[in-house]
Amino acid sequence: MDFYRAQDSARRMTSRLVVLFGAAVLTLVLLTNLLVGTALVLLQEPNSVGVANLETRLLSIPPLTWLWVTLGVVGTVGLACLFKFAQLSGGGRAVAEALGGHLVAPDTTDRQQRRLLNVVEEMALASGVPVPPVYLIPEPGINAFAAGFSTGDAVIGINQGSLDALNRDELQGVMAHEFSHLLNGDTRINLRLIALLYGILFLGLLGRLLLRGSHRGSSGRRGSSNGAPVALFGVGLMAIGFGGTFFGNLIKSAVSRQREYLADAAAVQFTRNPPGLANALKKIGGSTAGSRMLSPNAAEASHMYFAEGVGHWLGGLMATHPPLPDRIRAIEPGWDGQFLEGNAGLAASGPSDPRLSGLHAGTEALALDVVESRVADSPQLVGNPSEVSRRTAEAVLDSTEHKLRDAAHSPFDARALIYALLIATDPLLRQRQLAQVAERDDARLPGAVEGLLPLLETTDDLHRLTLAQAAMPALKASSRDQAQRLLRTIAELIKADRQIALFEWVLHRILVQELRPHFEKPSPPRWRYGTLSQVSDACAELLSALATRGNPQARSQREAFAAGAEALGLALAFDSRPDPNLERLSGAMGRLRRLTPLAKPRVLKAAAATVLADELVTVDEGALLQGVAATLDCPLPPAIYNELTTA
């Protein structure tokens with residue numbers, strides 16, 4: 001699957017949805033004007049329901065009345081949409097909590113939950129994105145979803161029924177499906193659909209309130225003749241509102257069904273295990289609970305689930321997902337039509353299965369020999385994880401010190417781990433930095449930091465970035481105040497030696513990019529630049545930074561820069577001026593993030609060409625390339641580490 005085209009398709013789909021929404025609002029305006037006009041005529045002459053000159057009476061209504069009705073409809077729909085957008089401003093977390101989910105503790109000891117978190121961690125790192133928090137929905141149906149405006153505020157939600165019924169391979173297939181939605185921009189579209197459709201539905205809800213009010217008023221004032229027109233007006237609003245929702249749901253269902261097939265195909269490519277995903281679907285068909293979602297808010301998020309979560313009286317016409325048999329046969333053409341009964345998910349793995357810990361057994365340090373992709377091909381790897389990516393992620397995790405991985409899963413120790421990644425080796429500077437941690441954050445943290453430092457002495461940048469990504473759920477489980485203190489303190493630690501290493505810059509960018517959307521209002525970048533010529537100066541700054549940081553000699557720096565500029569296809573000027581605080585690079589990356597999706601592959605390819613110019617790529621340089629890709633919102637799987645030569 002082409003990540004960039006999928007992102008661009010999502011962007012175009014959002015534009016089309018806005019146009020369709022505008023058409024729906026225009027229809028609502030016309031129908032509501034007609035309804036209000038009819039109601040006014042009936043209120044003026046309540047006993048003339050069958051009046052023949054209704055058209056004449058409607059035309060006699062002053063134009064200002066029509067204008068106020070139009071403004072009222074547009075304002076009501078707009079305010080309803082804004083209200084729903086405000087409710088969803090928390091991103092994926094808001095959706096999960098609205099469905100009754102609770103956060104799974106990153107350091108949980110529950111075996112089912114631990115297995116789930118390990119699978120999610122494995123899938124995220126193989127995709128090149130920080131690990132998202134996981135929410136558990138206490139419902140028996142087999143279902144799951146991914147939600148969020150971006151990876152920074154994304155969450156994974158899953159029903160308890162999925163943990164009870166699915167084994168590890170099946171759970172992995174479901175998670176791969178959800179990560180496909182996240183990588184390809186589907187989750188952003190889904191959240192916007194919820195808000196837009198709520199605005200249309202609100203007129204129907206308003207009509208229901210009017211209808212109830214008219215019944216109460218008529219029962220309290222017997223003989224009143226005003227109740228019938230008000231009731232008729234309420235019924236009319238309900239018909240208009242729910243009619244608009246009907247057509248909105250048709251659009252939502254058509255879009256969702258097609259993207260479900262694409263997500264299934266991507267999940268199979270990711271895991272190389274078609275039976276895992278297919279059997280998960282078969283167990284839904286064989287389960288008495290099916291994939292039903294019971295939450296009162298389940299309907300508005302119906303298009304986000306792994307499988308059909310809400311029934312519709314029109315059946316397949318309004319279904320948000322393809323029929324189960326069609327999805328299964330797309331994966332297994334020779335399927336015999338028999339569904340499976342759910343079984344205890346852990347039984348298939350057993351306590352002695354090494355995959356219960358989230359890692360396949362393996363003794364190779366990085367197992368890089370299994371990776372088939374080169375750094376030069378990194379644009380094709382972005383957002384397109386494969387089974388090779390997953391195996392590489394498993395190998396990286398397996399070669400990471402267990403105490404460091406355990407620290408990444410604890411909210412307190414995760415903060416200590418992030419600080420430890422930034423502590424200097426110089427004894428005097430180290431003591432000053434530890435004092436800053438105690439003063440700015442928590443007096444208990446320096447002791448925890450010092451306990452981790454010996455384990456990090458031989459840890460390269462690849463594993464350091466992996467640990468930072470794995471720590472995201474634990475960091476997001478902290479309080480907002482703790483997260484703000486963390487970001488302020490790491491900025492001070494980075495500046496303590498008055499020079500900023502590129503790894504420090506990358507780590508800071510990733511932390512800010514992931515934590516701020518979670519604790520504040522998510523604000524995905526607005527795509528502004530469609531061509532590279534519009535940001536040629538920013539491209540030159542990026543390539544200059546990569547060339548100067550990766551090569552000690554001036555000649556090799558210029559050669560590396562020239563290789564990157566050639567891959568980019570632009571005439572650029574090399575900038576050798578010092579940028580000690582990387583302020584110029586930060587400004588450049590801020591502009592490059594606002595490139596449209598189809599313009600980003602060449603930037604990433606040029607960055608890779610700059611790093612590869614001397615034909616010597618260290619693991620640390622590869623990790624920095626992965627960090628640059630992350631700041632461009634281009635998740636790069638760890639499969640880039642093929643044939644790397646460590647310095």
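1. Asp537 is partly exposed in this predicted model, its relative accessible area being 48%. Its side chain meets that of Arg591 in a salt bridge, with an N to O distance of 2.8 Å. Because Arg591 belongs to helix α24 (residues 583-592) and Asp537 to helix α22, the contact ties together parts that are 54 residues apart in sequence. Arg591, for its part, also counts as partly exposed, at 26% relative accessibility.

2. Salt bridges that share partners also join Arg415, Asp441, Asp481 and Arg485 into one network. Over the whole structure, a search finds 18 salt bridges, and two further pairs are taken up in the next points.

3. The side chains of Lys84 and Glu300 form a salt bridge at 3.3 Å, N to O. Lys84 lies in helix α3 (residues 63-87), whereas Glu300 is in the loop between α10 (274-286) and α11 (324-331), so this pair ties together parts that are 216 residues apart in sequence. As for the surroundings of the two partners, Lys84 counts as buried, with 6% relative accessibility, while Glu300 is partly exposed, with a relative accessible area of 27%.

4. Glu170 and Lys283 also meet through their side chains in a salt bridge, here at 2.8 Å, N to O. The pair links distant parts of the chain, since Glu170 sits in helix α7 (residues 168-183) and Lys283 in helix α10, 113 residues apart. Glu170 is buried, at a relative accessible area of 4%, and Lys283 is buried as well, at 2%; the cut-off that applies to both is under 20% relative accessible area.

5. Turning to the strands, an open sheet is formed by 4 strands in the order β1-β2-β4-β3, and its pairing is mixed. β1 (102-103) and β3 stand at the edges with a single partner strand each, so that one side of each is left without a neighbour in the sheet.

6. Within this sheet, strand β2 (residues 134-137) pairs with β4 in the parallel sense over 4 bridges, and Ile137 has Asn159 as its bridge partner in β4. Strand β3 (residues 144-147) runs antiparallel to β4, to which 4 bridges join it. Among the pairings with β4, Ala144 has Ile158 as its bridge partner, and Phe145 has Gly157.

7. Strand β4 (residues 155-159) deserves a separate remark with regard to burial, as the strand is mostly covered, with 5 of its 5 residues buried. The cover extends to both faces of β4: Val155, Gly157 and Asn159 are buried on one side, and Ile156 and Ile158 are buried on the other. Two of these residues were named above as bridge partners, namely Asn159, which is paired with Ile137, and Ile158, which is paired with Ala144.

8. A last point concerns charge at the surface, where Lys521, Arg526, Arg528 and Arg594 form a positive patch. One of these residues, Arg526, is found in the loop between α21 (502-519) and α22 (536-550). Arg526 is exposed, with a relative accessible area of 69%. Helix α22, at one end of that loop, is also the helix in which Asp537 lies.

Key:
Residues are numbered from 1 along each chain as its sequence is written. This is a predicted model: local features need pLDDT of at least 70, side-chain atom pairs count only at pLDDT 80 or more; totals for chains, interfaces and linings use all residues. Side-chain values use heavy atoms; hydrogens and water are left out. Patches are made of residues with over 30% relative accessible area and no salt bridge: like charges are joined within 9 Å, nonpolar side chains (Val, Leu, Ile, Met, Phe, Trp, Tyr) within 5 Å. Accessible areas come from the Shrake-Rupley method with a 1.4 Å probe; for residues, only the protein chains shown count as cover. A salt bridge is a side-chain nitrogen of Lys or Arg within 4 Å of a carboxyl oxygen of Asp or Glu. Lys and Arg count as positive and Asp and Glu as negative; His and the chain ends are not counted. The place of a charge is taken as NZ of Lys, CZ of Arg, CG of Asp or CD of Glu. Helices (H or I, at least four residues) and strands (E, at least two) are DSSP runs, numbered from the N terminus. Buried means under 20% relative accessible area, exposed over 50%, partly exposed in between (1.4 Å probe, protein chains only). Two strands pair if DSSP finds at least two bridges between them.
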